[in-house]
Amino acid sequence: MSRVGQQPVTLLPGVEVKVSGSTVSAKGPKGGMALQIPGGLAVKVDGGKVKVDRQNELKFTRSLHGLMRSLIHNMV
């Protein structure tokens, strides 16, 4: 079982992450990207870290947890 989804994403200097509704957007010196987060997941920004949390334990939600964390990490 993978534990990728539980690891926080550390923000690099100059990168700004905003969460509005179910959209996560990252903006930095090389450009910007946005990602739509599916239901059942919540994204929080605490200082210099981004955390993805599950709101339920459905199989579909568990399968997307690590994926969304990896996609956010790649955006940063």
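Biologist: In this predicted model, what makes G40, L41, R54 and N56 contacts of T61?

Modeller: Contact requires heavy atoms within 4.5 Å. Leaving aside its neighbours within four places in sequence, T61 meets that criterion with G40, L41, R54 and N56. T61 itself lies in helix 1.

Biologist: Why is T61 called buried?

Modeller: The term buried applies under 20% relative accessible area. T61 has 4% relative accessibility, so T61 counts as buried.

Biologist: How do you know that strand 5 and strand 6 pair?

Modeller: Pairing requires at least two bridges between two strands. Strand 5 and strand 6 (residues 49-54) have six bridges, in the antiparallel sense, so the pairing criterion is met. Within this pair, V45 stands opposite V50 of strand 6.

Biologist: What is the order of the strands in the open sheet, and why do strand 1 and strand 5 stand at the edges?

Modeller: The three strands follow the order 1-6-5, with antiparallel pairing. Strand 1 (9-10) and strand 5 (41-46) each have a single partner strand, so one side of each is left without a neighbour in the sheet. Helix 1 (residues 59-75) packs on this sheet and touches strand 1, strand 5 and strand 6. The direction of helix 1 makes about 165° with that of strand 6.

Biologist: Which residues does A42 of strand 5 contact?

Modeller: With neighbours within four places in sequence left aside, A42 is in contact with K51, V52, D53 and Q55. For A42 and P8, the C-alpha to C-alpha separation is 13 Å, and they are 34 residues apart in sequence.

Biologist: What makes strand 2 and strand 3 a pair?

Modeller: Again, at least two bridges are required. Strand 2 (residues 16-20) and strand 3 pair over five bridges in the antiparallel sense, so they satisfy the criterion. One of the bridge partnerships joins S20 to T23 in strand 3. The two strands form a hairpin with two residues between them, and G21 in the turn has a positive phi of about 70°.

Biologist: Which residues are closest to the centre of the second largest pocket?

Modeller: The second largest pocket has a volume of about 190 Å³. Of its 14 lining residues, G28, K30, G31, M75 and V76 are the closest to the centre. Strand 3 (23-28), strand 4 (31-36) and helix 1 each supply at least two residues of the lining.

Biologist: How many residues of that lining are nonpolar, polar and charged?

Modeller: The lining divides into eight nonpolar, four polar and two charged residues.

Definitions and conventions:
Residues are numbered from 1 along each chain as its sequence is written. This is a predicted model: local features need pLDDT of at least 70, side-chain atom pairs count only at pLDDT 80 or more; totals for chains, interfaces and linings use all residues. Side-chain values use heavy atoms; hydrogens and water are left out. Helices (H or I, at least four residues) and strands (E, at least two) are DSSP runs, numbered from the N terminus. Axes are lines fitted to C-alpha atoms, for helices over the stretch in contact, and angles run from 0 to 180 degrees between N-to-C directions. On a 1 Å grid over the protein atoms alone, a cavity is a set of points where a 1.4 Å probe fits but cannot get out, and a pocket is an open set with protein on both sides within 12 Å along at least five of seven lines; lining residues have an atom within 4 Å of a point. Grid points are joined across faces, edges and corners, and a volume is the space filled by probe spheres set on the points. Ala, Val, Leu, Ile, Met, Phe, Trp, Tyr, Cys and Pro count as nonpolar, Asp, Glu, Lys and Arg as charged, and the others, Gly among them, as polar. Buried means under 20% relative accessible area, exposed over 50%, partly exposed in between (1.4 Å probe, protein chains only).
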